[in-house]
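Here is a short tour of one protein model, written for someone who likes to see the geometry behind each label. We will go from a single residue to a pair of helices, and then to the aromatic rings.

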Amino acid sequence: MPKPDPTPFAGLTPDAILDAVESLALPCDGRLLGLNSYENRVFRVGLEERSPVVVKFYRPGRWSDAAILEEHGFAEELQRAGLPVVAPLRIAGATLHRHRHWRFALFELQGGRAPETGDADTLRQLGRTVGRLHVIGRQARFRHRTALSPRTHGREPLAVLLGGRWIPPELVGNVRTLGSAVLDRIESTWARVDAVPLRLHGDMHLGNLLSRGERIELVDLDDCLTGPAMQDLWMLLSGARDEQEAQLDALLEGYTQFTDFDPRELQLIEPLRGLRLLHHNAWLAQRWHDPAFPAAFPWFGERRHWETLIRQLQEQLAALDEEPLRWPL
């Protein structure tokens, strides 16, 4: 495999950003604001005689053009079905554009805040939204996007961590032993549940939801993939077990107004949590060459982070032996 570009966004200066937008015959007014994003680079750009837009520059080498266009097509499909999804703008008939060696897309600027998941009505609304999304998600298949599995999001990330130089040598054995034990349990549960995969948002955490009055909008389908329905639900749960069960009850009350939910997938909550733990750490490792990552996540290079990961793997191993959350209550 070729070595990753150590500076994938070098040269993406303010002038280059404005030039990219103006290459689409959209005159800029010079206003430019960087927005929070590490995987890609995202900016708010002011335009003359119209509202500002958000421009997203895709990380070179991560996705093929076909995979990005599949993401865009899914967002448009959801939007046509009436779902509150922020889809890329079509300009001159296209959603994916090029400027120099960068690929980029434009989106409408949307304001809002993360929804309050402690509110049962909000959770029912979120459940209805995810349920509608999954109805559409079952109607076709991705051809170019990732499929979530214990291999792609567990075994391969663990191999990345063990194959690098981030873990202190004396802790490598602990990470290997605990990581393998966690994955053994995950694979066993995954095979037993045998969930029917569908197209998903894939990264349904509160940072990718915008509450605007009575409307909740879905943003950032950059991680859309194929996987079990529970992947779009479990990250909306938090707190103690009884709190999560109450949240789940409200969430699925809304969800099942539009589509069925297989209760066997409750067994996947902790496996999915374990996969996310490994995948997130491997993502940091694979992006460490990008100067933005050591600056934003300096603790990743510290011993205490790996001691914390070992403790998290121990806790996850115990959680995998617990009974799944109850539903319905």
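A residue counts as buried when its relative accessible area is under 20%, and as exposed when that area is over 50%. The model shown here is a predicted one. With that cut-off in hand, Glu71 is easy to classify: its relative accessible area is 3%, so Glu71 is buried. Glu71 sits in helix α2, which covers residues 65–80. Leaving aside residues up to four places away in sequence, its contacts are Lys56, Tyr58, Arg145, Leu221, Asp222 and Cys224.

**Two packed helices**

Two packed helices are described by the angle between their axes and the distance between the axes. For helix α4 (residues 151–162) and helix α7 (residues 269–286), the angle is about 45° and the axes are 8 Å apart. Angles from 35 to 65 degrees fall among those called oblique, and α4 and α7 are therefore oblique to each other. Their crossing is left-handed. On the α4 side, the contact is made by Thr152, His153, Gly154, Pro157, Leu158, Val160 and Leu161; α7 contributes Leu275, Leu278, His279, Asn281, Ala282, Ala285 and Gln286. What kinds of residue make up the contact of α4 with α7? There are 8 nonpolar and 6 polar residues, and no charged ones.

**Aromatic rings**

Rings pair if their centres lie within 6.5 Å, and by this rule the model has 14 aromatic pairs. Two of them are set out here.

| Pair | Centre to centre | Angle between planes | Class |
|---|---|---|---|
| Phe74 and Phe142 | 5.2 Å | 85° | edge-to-face |
| Trp166 and Phe300 | 6.4 Å | 55° | tilted |

Phe74 belongs to helix α2 and Phe142 to the loop between α3 (120–137) and α4, so their pair ties together parts that are 68 residues apart in sequence. Phe74 is buried at 1% relative accessibility, and Phe142 is buried as well, at 11%.

Trp166 lies in the loop between α4 and α5 (169–193), while Phe300 lies in the loop between α8 (292–296) and α9 (303–319), so this pair ties together parts that are 134 residues apart in sequence. Are Trp166 and Phe300 buried or partly exposed? Trp166 is partly exposed, with a relative accessible area of 24%, whereas Phe300 is buried at 0%.

Finally, ring pairs also join Tyr38, Trp283, Phe293, Phe297 and Trp299 into a cluster.

Notes
Residues are numbered from 1 along each chain as its sequence is written. This is a predicted model: local features need pLDDT of at least 70, side-chain atom pairs count only at pLDDT 80 or more; totals for chains, interfaces and linings use all residues. Side-chain values use heavy atoms; hydrogens and water are left out. Helices (H or I, at least four residues) and strands (E, at least two) are DSSP runs, numbered from the N terminus. Buried means under 20% relative accessible area, exposed over 50%, partly exposed in between (1.4 Å probe, protein chains only). Contact means heavy atoms within 4.5 Å. Axes are lines fitted to C-alpha atoms, for helices over the stretch in contact, and angles run from 0 to 180 degrees between N-to-C directions. Angles under 35 degrees count as roughly parallel, over 145 as roughly antiparallel, 65 to 115 as roughly perpendicular and the rest as oblique. A crossing is left-handed if the near helix is turned anticlockwise from the far one by less than a right angle, and right-handed if clockwise. Ala, Val, Leu, Ile, Met, Phe, Trp, Tyr, Cys and Pro count as nonpolar, Asp, Glu, Lys and Arg as charged, and the others, Gly among them, as polar. Rings of Phe, Tyr and Trp (its six-membered ring) pair if their centres lie within 6.5 Å; planes under 30 degrees apart count as stacked, over 60 as edge-to-face and the rest as tilted.
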